[in-house]
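Me: Could you walk me through how the labels on this structure are earned?
Reply: Happily; let us take them one at a time.
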Protein chains: 2
Amino acid sequence: MKEQDLVAQIRKKQSFLCIGLDVDLEKIPPHLLQKEDPIFSFNKAIIDATHDLAVAYKPNTAFYEAYGLKGWRALEKTINYLNTNHPNIFTIADAKRGDIGNTSTRYAKAFYETMAFDSITVAPYMGKDSVEPFLEFEDKHAILLALTSNHGAYDFQTKQVEGTQLYKEVLKTSTTWKNADRLMYVVGATKAEYLKEIRHIIPNNFLLVPGVGAQGGSLKEVCTYGLNDHVGLLINSSRGILYASNGEDFAEAARTKAEALQQEMKDILSKA
Amino acid sequence: MKEQDLVAQIRKKQSFLCIGLDVDLEKIPPHLLQKEDPIFSFNKAIIDATHDLAVAYKPNTAFYEAYGLKGWRALEKTINYLNTNHPNIFTIADAKRGDIGNTSTRYAKAFYETMAFDSITVAPYMGKDSVEPFLEFEDKHAILLALTSNHGAYDFQTKQVEGTQLYKEVLKTSTTWKNADRLMYVVGATKAEYLKEIRHIIPNNFLLVPGVGAQGGSLKEVCTYGLNDHVGLLINSSRGILYASNGEDFAEAARTKAEALQQEMKDILSKA
């Protein structure tokens with residue numbers, strides 16, 4: 001998907017909500033466990049109930065891999081369902097991959113071609129030649145980890161490296177890579193105050209912001225510092241939406257939670 | 001697998017060879033493409049031909065994910081085949097995972113439990129709480145990326161951070177994490193001269209060393225600086241062994257290549 005088409009969807013839906021499809025069989029409504037494919041059944045119900053409120057969906061691969069083959073099959077069914085029924089939705093494989101060049105190319109093929117995701121999250125530790133293979137595909141986007149929402153972000157990401165902080169060095173360096181205009185970045189909502197400086201380094205790129213809700217980040221704060229003239233934000237919520245209820249009404253309850261976030265976003269966009 | 005059992009296998013086989021099972025359908029012998037599961041057929045033949053010469057096998061997940069469901073199935077069959085037929089072999093999921101705590105736990109379950117690998121490679125960028133979940137499992141090992149074999153290693157890993165280089169900061173910091181005795185580290189053979197200083201920081205931990213052979217690293221140099229009193233090295237070779245021939249004799253040819261490396265290792269061990 002082209003970035004301009006994502007922006008058009010955001011304007012149309014008045015939403016920059018991304019829903020994280022992190023399916024945990026111990027948390028989904030028990031009645032779904034009778035289904036042939038509980039993971040996909042859950043995802044389908046959530047997507048059906050929320051697709052007019054969200055512009056992106058983001059399955060985290062860990063939750064699927066933990067269930068082995070049946071998990072991987074459910075992931076393939078989920079991305080196929082999204083691409084077939086909602087081609088205007090932006091899809092993110094939250095996989096945090098990264099390896100030496102020819103191996104990163106394999107991961108890119110796995111997520112951009114074998115499964116047709118629009119984007120994949122990528123870890124920066126191995127540098128330029130581990131990330132550039134993810135930038136070689138037209139209308140596909142690598143979403144680079146910059147400053148993550150967890151406490152461990154302070155172990156290395158915020159350490160001083162050559163006069164700046166490591167995550168800023170990652171941001172700056174990455175802008176020099178080939179097809180850097182296809183880069184987006186992960187910036188945790190739990191560190192909203194960092195967004196001001198981040199926007200100085202990368203004013204134009206989209207930011208994928210996890211950590212609103214369950215992890216404690218504030219949507220308003222993130223928007224104050226993170227919005228740019230083409231919005232430039234995707235705010236992710238996972239558990240807060242998915243597990244709003246574990247009864248028969250789970251999809252409806254998820255919709256209510258998504259709608260509350262979308263309304264907040266609509267307000268913010270109207271004032272911006 | 002306990003580390004002491006790995007060391008015992010190394011002593012017994014006089015080998016610290018790890019074979020990287022990076023299966024590329026465009027490189028394997030064409031006659032295997034007729035088989036029902038070419039990827040697994042190839043792996044099985046390689047394992048059957050080399051298991052007395054190698055102490056570890058390391059499938060890189062990228063190569064399997066690129067083929068979607070059938071790739072994931074072949075990966076599961078490969079680890080099951082190894083565990084059933086060669087329980088004394090150390091197995092490594094070269095997956096380079098890492099995410100926020102509860103998500104890393106999912107990855108740990110995927111690779112330690114759903115598939116019963118002995119170890120998984122892990123990226124350090126997200127810090128302590130992204131790595132510790134991989135250290136919670138008895139007799140399982142997280143192999144942390146420290147200094148990788150690719151050129152991109154110079155982008156961030158060797159940058160000065162608070163008076164030292166980032167990869168050394170990763171080494172030092174990680175030794176303070178819970179169950180740090182279960183940590184091993186990836187150090188590229190293309191940077192053998194760095195091993196001396198690395199051994200000062202982590203004298204006891206095993207190092208997984210890729211980059212010998214196709215990527216240009218020297219086995220002798222790695223051993224000069226990397227060996228410790230319980231060997232402490234696993235040297236990986238992938239392409240150099242797997243694709244020694246693409247005829248009917250591919251497994252035999254792979255064995256010849258593996259044997260040459262094992263002989264070199266035997267010589268080195270006898271002199272150490």
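Reply: What follows covers the interface of chain A and chain B, then the nonpolar core. This is a predicted model, in which local features need pLDDT of at least 70 and side-chain atom pairs count only at pLDDT 80 or more, while totals for chains, interfaces and linings use all residues. Residues are numbered from 1 along each chain as its sequence is written, chains are lettered from A in the order written, and side-chain values use heavy atoms, leaving out hydrogens and water.

Me: How do you know that chain A and chain B are in contact?
Reply: Contact means heavy atoms within 4.5 Å; 57 residues of chain A meet that rule with 57 residues of chain B.

Me: What makes up the buried area between chain A and chain B?
Reply: Buried area is the accessible area (1.4 Å probe) that two parts lose on being put together, summed over both. Here that comes to about 5000 Å², 59% of it on carbon and sulfur atoms. In chain A, the residues losing the most are A:R106, A:Y125 and A:F156, together 19% of what that side buries.

Me: Why is the pair B:R97 and A:E65 called a salt bridge?
Reply: The term asks for a side-chain nitrogen of Lys or Arg within 4 Å of a carboxyl oxygen of Asp or Glu. The N to O distance here is 2.9 Å, so the pair qualifies. Between the two chains the count is eight salt bridges.

Me: What does B:F16 touch?
Reply: Leaving out residues up to four places away in sequence, its contacts include B:I10, B:V55, B:L219 and B:M265.
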